[in-house]
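I opened this entry to record what I looked up about the buried interior, the aromatic pairs and the surface.

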Amino acid sequence: MPPQNLPPRDAIRQAAGELFVRDGYGATTVRAIAAAAGCDPALVIRHFGSKEGLFLATVSVSGDLTAILAGPLESIGRELVRYVLEGAGSPVAGVYRAMLSASDRPEIKERLRASMHDVFVSPLAERIGGAYPELRARLAAAQFAGLINAYWLVGDPVLVCAERDAIVTLYGDAIQRLLTCADPPSDH
């Protein structure tokens with residue numbers, strides 16, 4: 001059913017966002033978006049240029065990370081892990097799956113990189129200081145993304161069934177070490 005009382009551009013964005021999250025990039029067609037928005041497919045293209053352009057205009061990976069990354073530095077590792085464990089069925093997980101399913105397209109891959117930098121790496125690197133702050137923030141982001149992949153995408157049965165407190169402690173502390181270890185690595 002088309003969104004009620006929205007201008008066509010907004011109705012298209014809303015319908016596209018819902019379909020991309022629910023069905024993924026590949027399974028979502030311009031025709032399906034147009035039908036859900038109650039408009040002609042040509043209008044979708046006129047407003048957004050392409051399905052890829054519409055995807056980039058409607059799907060974001062930032063979620064609720066901003067609040068976590070701005071929180072107390074000494075608890076960010078564990079909070080990031082809680083975020084993953086509590087968000088498996090959330091809309092954010094759907095957005096992440098949609099972005100990953102479309103990451104073979106160069107513009108979308110670049111958007112993922114830019115989003116990771118803008119949302120995660122840059123704010124953390126500014127806060128953690130010490131040696132190699134950007135590298136440490138990127139490594140923490142890679143660990144975070146690895147848990148998302150294993151938990152949200154693959155559904156690793158051992159992780160899914162494991163005691164949540166153990167995952168929060170073990171994995172959260174591993175991420176935390178990158179954020180609070182300010183000494184440069186030794187050459188020995």
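I looked up Phe55 and found this residue buried, at a relative accessible area of 0%, in a model that is predicted. Phe20 also counts as buried, because its relative accessibility is 0%. I then checked the rings of Phe20 and Phe55, whose centres are 4.8 Å apart with the planes at 80°, so I noted the pair as edge-to-face. This pair links distant parts of the chain, since Phe20 belongs to helix 1 (residues 8-23) and Phe55 to helix 4 (residues 51-58), 35 residues apart.

Next I turned to Tyr83 and Phe144, where the ring centres are 6.1 Å apart and the planes stand at 35°, so I entered the pair as tilted. Tyr83 is in helix 6 and Phe144 in helix 9, so the pair ties together parts 61 residues apart in sequence. I noted Tyr83 as buried at 13% relative accessible area, and Phe144 as buried at 3% relative accessibility. Both residues belong to one aromatic cluster with Phe120 and Trp152.

I then went through the largest nonpolar core, which has 32 residues, and listed Val84, Phe120, Phe144 and Trp152 among those with the most contacts inside it. Helix 9 gives the most to this core, with nine residues. A second, separate core of 24 residues includes Ile12, Phe20, Val95 and Leu112.

Last, I looked at the surface, where Leu100, Leu153 and Val154 make a nonpolar patch of about 250 Å². Val154 is in the loop between helix 9 (133-153) and helix 10 (157-161), and I recorded Val154 as exposed because its relative accessibility is 64%.

Terms used:
Residues numbered from 1 in each chain as written. Predicted model: local features only at pLDDT ≥ 70, side-chain atom pairs only at ≥ 80, totals over all residues. Heavy atoms only, no water. Patch = residues over 30% accessible without salt bridge, like charges linked within 9 Å, V, L, I, M, F, W, Y side chains within 5 Å. Areas by Shrake-Rupley, 256 points an atom, 1.4 Å probe, with all protein chains shown as cover. Salt bridge = Lys/Arg side-chain N within 4 Å of Asp/Glu carboxyl O. Helix = DSSP H or I, 4+ residues; strand = E, 2+ residues; numbered from the N terminus. Buried < 20%, exposed > 50% of the residue type's maximum accessible area, 1.4 Å probe, protein only. Core = buried A, V, L, I, M, F, W, Y, C linked by side-chain atoms within 4.5 Å. Phe/Tyr/Trp six-rings, centres within 6.5 Å; stacked < 30°, edge-to-face > 60°.
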